[in-house]
Amino acid sequence: MTFDTLPGTPPPPDLTVRGVAVHKAALDPEAQRDMVTALRDVVRAAPFFQLETRFGRKLSVRMSAAGAFGWFSDRRGYRYIDRHPSGAPWPPIPECVLDVWRRYAAVARLPECCLINHYGEGARMGLHQDRDEADFRWPVLSISLGDSALFRLGNLEKGGPTESLWLESGDVLVMGGASRLIYHGIDRVRAGSSTLLDGGGRLNLTLRVVT
Ligand SMILES: O=C(O)CCC(=O)C(=O)O
Ligand SMILES: [Fe+2]
């Protein structure tokens, strides 16, 4: 194990909502711009695509990925795939993104998937669990860039009362431990709330250990 992957102690979160650690403005504006620059190269090699659910409905979010695996959905269901739909391998996860994992997830393994979601006008994501990974002991870490988004947190089972918070550009959150399988989703994005992304909208990265 190299120094880089030694588990450490993440900084204390600014708030914890239903067990989810929220680090506000974890990335300063310069770090956000650098990350967007790195992501531009990623999506040049692995262009965004729009997935269908198993029921044949298009997801409103456009997706891509970096790392050994990307996430995929079609009429056969949800799964991780080791290539972009074009057949090309996924580009590597940018080092500046891995650094956020090292600091805020601070666990012994590195993520194998950086899922990239782009929310344009009207895009949203329904309440769901992230449960296509093999081992739920590893956390999922999310990075928000661009327009603010209303994030909804539910429970460990379907239904029940929910709680919402706004995620802003540079915020990092970690769903781990008892909150690893919490239901979550994005109700809406506040268009024009950030100037970070050229075309506007929101980027969300989720880092996952898949295998
Ligand atoms: O966009 C977000 O903040 C959440 C994304 C998400 O839950 C997912 O990709 O599984
Ligand atoms: Fe999710």
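**An open sheet and the surroundings of ligand 1**

In the predicted model, four strands form an open sheet in the order β8-β13-β10-β11, and their pairing is antiparallel. The edges of this sheet are β8 (125–128) and β11 (163–167), each of which pairs on one side only, and the twist from one strand to the next averages 25°. The contact between β10 and β11, which run antiparallel, consists of five bridges; within this pairing, A149 has L167 of β11 as its bridge partner.

Both members of that bridge, A149 and L167, also appear among the residues that surround ligand 1. The remainder of this shell is made up of L115, N117, M125, D130, S142, F151, H184, I186, N204 and T206. Two or more residues of the shell are contributed by each of β7 (113–119), β10 (149–153), β13 (184–189) and β14 (202–208), and of these elements β10 and β13 belong to the four-stranded open sheet described above. By residue character, the shell around ligand 1 divides into six nonpolar residues, five polar residues and one charged residue.

With regard to annotation, an unreviewed UniProt entry assigns residues 110–211 to the feature "domain: Fe2OG dioxygenase". In the model, the C-alpha atoms at the two ends of this span, residues 110–211, lie 11 Å apart, and the secondary structure of the span amounts to 44% strand and 0% helix.

Key:
Residues numbered from 1 in each chain as written. Chains lettered and ligands numbered in written order. Predicted model: local features only at pLDDT ≥ 70, side-chain atom pairs only at ≥ 80, totals over all residues. Near = placed C-beta within 6 Å. Nonpolar A, V, L, I, M, F, W, Y, C, P; charged D, E, K, R; others polar. UniProt positions renumbered as here; feature names shortened; annotations may be inferred. Pairing = 2+ DSSP bridges. Axes fitted to C-alpha atoms, helices over the stretch in contact; angles between N-to-C directions.
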